[in-house]
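Colleague: I should like to go through this model with you, one region at a time. Could we begin once it is on the screen?

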Amino acid sequence: MLSREENELLTRVGPGTPMGQLMRRYWMPVLFSHQLEKPDGEPMRVRVLCEDLVAFRDSQGRIGLIDEACPHRTASMFFGRNEECGLRCVYHGIKFDVEGNCVDVPCLPPGTPENQISAVKKNMKIKAYPCEEAGGVIWAYMGPQELRPELPDLEWMRVGDDQKFPSRHIQECNWLQGLEGGYDAPHLTFLHSGTAEESRRIVPSFYEVVPMDFGFVVGTGRDFGGDEIMWNINVMAMPFHKIISSQPHAAHMWMPIDDENTMLYSIDFQPERPFTEEELARSREFHGIHTENFPGTDVATMNKENDYLIDRELQASGHSYTGMRGLGIQDCAVQESMGPIADRTKEHLLIGDSAIAQIRKLLLQTLKDMEAGKPLPGTDPSSFRGVRSARYEAPRGTVFLDEVDDRIRVSVDA
Ligand SMILES: [Fe+2]
């Protein structure tokens, strides 16, 4: 349970809010690289952290991420002409480069002296954020330049295109609901299970949370009654990364669009080899973490509007606990059902919610650290380089803490 003030503090991400300031200290995913494929191609609207922006790839292949509103008369730059190293507003032809510099003002009267044109251009800068591409993702940095960290270095970002399957979709709820849902260990046994019978057998018995300098590691132990405990290790890297223990390996990022909407990035990947045709087919079936979206959008076809196409007969049949198809859709249904911003003053957390409690503790502490000018967890990529999730069996009585580092680190070159 959180106080009303704490809940507000952790969920609001607009400019000037504490959590918004914190998010802006990290590189944020804003698009997949393939969404801005060609130089001088179509611009894309991007809404992140309550800011309306437009992204484009210029003639030299560089990415621009600028304010959607033209600083002249505030018309949308989305309709802009992407040409000769800049995006030109279609209202009056004013043009900006990827750094936000105004490079042409063709609407001034003929014969305007050069020094006046320069003065107009100087005044007409458009807000622009630096972008980098890595791992098939376009990352933006929206914080103070002097505090700009290195790009994150996660295992899925290093693998080839044939070793991963990425997708994204919009969740109609606050980012923290999504992130917390990702660390709700006991829900796997219910929400995502095939039958009620099966679910009762495998509720985890052990929950271990280990703080790390990049976030934390959570271990969930299932006891099948033998000599071994089956452990699942999931990794949380600040501020919204999850490395999931699954086969194939997987990762999530819950990127806030605004206070009430979240872009969930989901990546299946194989660290050592290309996907087989069978694995690709499985990712494409949308039974797992990926959703089927309306063509050309990030909106899932099964959504809040249509009650996620819940099939009550399927639910009653015993083959699906929810009657909803696909893990991603099942997660959306429950997370969105809490409202756009869950009221955490009304909850009653249980022992299986220890990782959720850890998320809140970590975020509240990091806000304090930011205020005190301390370095922030997860901004140094070397702290989580080569970190992965894991599943393994360990003899009953093994101390989780003693093993955790060996289990989650693989050696990679910097
Ligand atoms: Fe889930």
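Colleague: How many bridges join strand S12 to strand S13?

Modeller: Seven bridges join S12 (residues 206-212) to S13 (residues 215-223), and the two run antiparallel. Helices (H or I, at least four residues) and strands (E, at least two) are DSSP runs, numbered from the N terminus. Two strands pair if DSSP finds at least two bridges between them. This is a predicted model, in which local features need pLDDT of at least 70 and side-chain atom pairs count only at pLDDT 80 or more, while totals for chains, interfaces and linings use all residues. Residues are numbered from 1 along each chain as its sequence is written, and side-chain values use heavy atoms, with hydrogens and water left out.

Colleague: What do S12 and S13 form, and which residue does Pro-211 stand opposite?

Modeller: S12 and S13 form a hairpin with two residues between them. Pro-211 stands opposite Phe-216 in S13.

Colleague: And S18, how does strand S14 pair with that one?

Modeller: S14 (residues 228-237) and S18 pair in the antiparallel sense over six bridges. Across this pairing, Glu-228 stands opposite Pro-395 of S18.

Colleague: Which side chains of S18 point to the buried face?

Modeller: Ala-390, Tyr-392 and Ala-394 point to one face and are buried. Arg-391, Glu-393 and Pro-395 point to the other face and are not buried. Buried means under 20% relative accessible area, exposed over 50%, and partly exposed in between (1.4 Å probe, protein chains only). In a regular strand the side chains alternate between the two faces of the sheet.

Colleague: Is Phe-400 buried or exposed?

Modeller: Phe-400 has a relative accessible area of 3%, so this residue counts as buried. Phe-400 lies in helix H12 (residues 400-408). Not counting residues up to four places away in sequence, Phe-400 touches Glu-208, Val-210, Val-217, Val-218, Gly-219, Trp-231, Ile-233 and Tyr-392; contact means heavy atoms within 4.5 Å.

Colleague: Changing topic: why is helix H5 described as largely enclosed?

Modeller: Eight of the eight residues of H5 (residues 175-182) are buried, so the helix is largely enclosed by the rest of the structure. Among them are Trp-175, Leu-176 and Gln-177.

Colleague: What caps the N-terminal end of H5?

Modeller: Asn-174 does, with a side-chain oxygen 3.0 Å from the backbone nitrogen of Leu-176. A polar contact is a pair of N or O atoms within 3.5 Å; within protein, one must be able to donate a hydrogen and the other to accept it, and residues adjacent in sequence count only if both atoms are side-chain atoms.

Colleague: On to the pockets. What is the volume of the largest pocket, and which residues are closest to its centre?

Modeller: The largest pocket has a volume of about 1100 Å³. Of the 48 residues that line this pocket, Leu-188, Ile-244, Ser-246, Leu-327 and Arg-391 are the closest to its centre. Helix H10 (residues 327-337) gives the most to the lining, with four residues. On a 1 Å grid over the protein atoms alone, a cavity is a set of points where a 1.4 Å probe fits but cannot get out, and a pocket is an open set with protein on both sides within 12 Å along at least five of seven lines; lining residues have an atom within 4 Å of a point. Grid points are joined across faces, edges and corners, and a volume is the space filled by probe spheres set on the points.

Colleague: What about the second largest pocket, where does that stand in volume?

Modeller: The second largest pocket has a volume of about 480 Å³. Its lining has 22 residues, with Asp-184, His-187, Met-338, Asp-353 and Ile-356 nearest its centre. H5, H10 and H11 are the elements that give two or more residues to this lining.

Colleague: How many cavities of 30 Å³ or more are there?

Modeller: The count comes to one, and the largest cavity has a volume of about 80 Å³. Its lining includes Tyr-26, Pro-149, Glu-150 and Thr-379.

Colleague: Where is Thr-379 placed?

Modeller: Thr-379 is in the loop between helix H11 (354-371) and strand S18 (390-395). The side chain of Thr-379 reaches the backbone oxygen of Leu-376 at 2.6 Å. Leaving aside neighbours within four places in sequence, Thr-379 is in contact with Arg-25, Tyr-26, Pro-149 and Glu-150.
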